[in-house]
Amino acid sequence: MMEKLKTRILQESSVVSSDVLRMDAIINHMVDPELTMEMGREFAARFAEQSITKVVTVESSGIPAAFTTAYVLGVPLVFARRKKTLIADPDAYCERVPSFTKGMVTDIMVSKQFLTSDDRVLFIDDIIANGDAARGLIKIIERSGAALVGMGVVVEKSFQAGGRTLRESGIRVESLVRIASLEGGEITFE
Ligand code: G4P
Ligand code: NA
Ligand code: NA
């Protein structure tokens with residue numbers, strides 16, 4: 001799986017700058033269902049025996065891999081929704097997060113009815129960069145009282161601090177591929 005994913009990244013993505021990789025053809029604009037199923041099988045295998053009750057992600061690009069993982073685990077997928085302007089909602093957990101690529105702030109929210117202290121959740125995300133979006137969802141999980149079993153990431157840009165910071169805070173982070181550098185327009189895997 002990991003070798004296949006690396007090949008697809010090399011063939012179908014392009015380096016935009018020394019810190020941004022365009023992955024529209026496999027993650028952000030088009031997805032390959034079979035490849036995405038393999039991601040789900042891999043995450044499900046790595047977190048088997050963890051009694052996961054829900055998979056969580058943030059819309060929109062996290063949804064395909066989170067969906068296949070939830071499908072293989074046989075549990076529901078909850079995706080945090082993004083709102084431009086947030087009307088205070090007592091029935092939802094909300095967090096404000098800065099977006100690395102879009103250069104703006106958005107609010108993410110999860111309805112209280114879909115995440116409770118009975119849940120053991122696996123957080124799946126497509127890309128981890130600085131981890132700001134991830135930290136927003138993790139705060140929501142904490143506030144709900146659910147247990148965070150770990151995080152599965154399709155592409156970790158390990159030259160940015162997100163993955164490392166989350167691991168340092170005690171969260172198990174499993175990445176399918178780790179990119180060490182995009183310098184000189186070249187994708188260098190770890
Ligand atoms: P994160 O590490 O927790 O993802 O947070 P960060 O604030 O660093 O990144 C915010 C957004 O930018 C995320 O998408 C993330 O996937 C995206 N991103 C960061 N680096 C790259 C990159 O090199 N390539 C691509 N293609 N995306 C990158 P998002 O705002 O959650 O939006 P969406 O894609 O889910 O709509
Ligand atoms: Na994204
Ligand atoms: Na995402």
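**Stop 1: the hairpin**

Select residues 14–17, strand β1, and residues 20–22, strand β2; the two strands pair in the antiparallel sense over 3 bridges. Between β1 and β2 runs a hairpin connection of 2 residues. To see one pair of partners, label V15 and look across to L21 in β2, which stands opposite. Keep in mind throughout the tour that this is a predicted model.

**Stop 2: the open sheet**

Strands of a sheet pair through backbone hydrogen bonds, either parallel or antiparallel. Now show the strands β3 to β10. In which order do the 8 strands of the open sheet lie? Reading across, the order is β5-β6-β4-β3-β7-β8-β9-β10, and the pairing is mixed. Colour β5 (92–99) and β10 (188–189), which stand at the edges. Each has a single partner strand, so one side of each is left without a neighbour in the sheet.

Next, move to the pairings around β7. Select β3, residues 54–58, together with β7, residues 120–128: this pair is parallel, with 3 bridges. V56 is a good residue to label here, as it stands opposite F123 in β7. On to β7 and β8, which also pair in the parallel sense, over 8 bridges. Label V121 and find its bridge partner in β8, L148.

Stay on β8 and select the whole strand, residues 147–157. How many of its 11 residues are buried? The count is 8, so the strand is mostly covered.

**Stop 3: a residue on an edge strand**

Return to β5 and select R96, which lies in this strand. Is R96 buried or exposed? R96 has 12 other C-beta atoms within 10 Å, and a residue with 12 or fewer counts as exposed, so R96 is exposed. Leaving aside residues up to four places away in sequence, R96 touches V105 and D107. Draw a distance from the C-alpha atom of R96 to that of I127: the two residues are 31 apart along the chain, and the separation is 19 Å.

**Stop 4: a helix across the sheet**

Add helix α1, residues 2–12, to the view. The helix lies across β9 (173–181) and β10, and runs at about 40° to β9.

**Stop 5: two crossing helices**

Hide the sheet and show helix α3, residues 33–46, with helix α4, residues 63–73. Their axes come within 7 Å and cross at roughly 55°. That angle makes α3 oblique to α4. The crossing of α3 past α4 is right-handed.

Show the side chains where the helices meet. On the α3 side, select T36, M37, M39, G40, R41, F43 and A44. On the α4 side, select P64, A65, T68, T69, Y71, V72 and L73. What kinds of residue make up this contact of α3 with α4? They divide into 9 nonpolar, 4 polar and 1 charged.

Within α4, pick out A70. With 24 C-beta neighbours inside 10 Å, A70 counts as buried; the threshold for that is 20 or more. Apart from residues up to four places away in sequence, A70 touches V55, V75, P76 and L77. The C-alpha atom of A70 is 9.4 Å from that of I52, although the two residues are 18 apart along the chain.

**Stop 6: unusual backbone angles**

Most residues other than glycine have a negative phi, and most peptide bonds are trans. The last residues to select depart from this pattern.

Begin in the loop between α3 and β3, where E49 is found. E49 is not a glycine, yet has a positive phi of about 65°. With 5 C-beta neighbours inside 10 Å, E49 counts as exposed. S51 lies in the loop between α3 and β3 as well. S51 is also not a glycine, and has a positive phi of about 50°. Inside 10 Å, S51 has 10 C-beta neighbours, so S51 counts as exposed.

Finish at S60, in the loop between β3 and α4. Select S60 together with E59 and inspect the peptide bond that joins them. Is this bond cis or trans? The peptide bond from E59 to S60 is cis, with omega near 5°.

Key: Residues numbered from 1 in each chain as written. Chains lettered and ligands numbered in written order. Predicted model: local features only at pLDDT ≥ 70, side-chain atom pairs only at ≥ 80, totals over all residues. Pairing = 2+ DSSP bridges. Helix = DSSP H or I, 4+ residues; strand = E, 2+ residues; numbered from the N terminus. Contact = placed C-beta atoms within 7 Å. Axes fitted to C-alpha atoms, helices over the stretch in contact; angles between N-to-C directions. Parallel < 35°, antiparallel > 145°, perpendicular 65-115°, else oblique. Left-handed = near helix turned anticlockwise from the far one by under 90°. Nonpolar A, V, L, I, M, F, W, Y, C, P; charged D, E, K, R; others polar.
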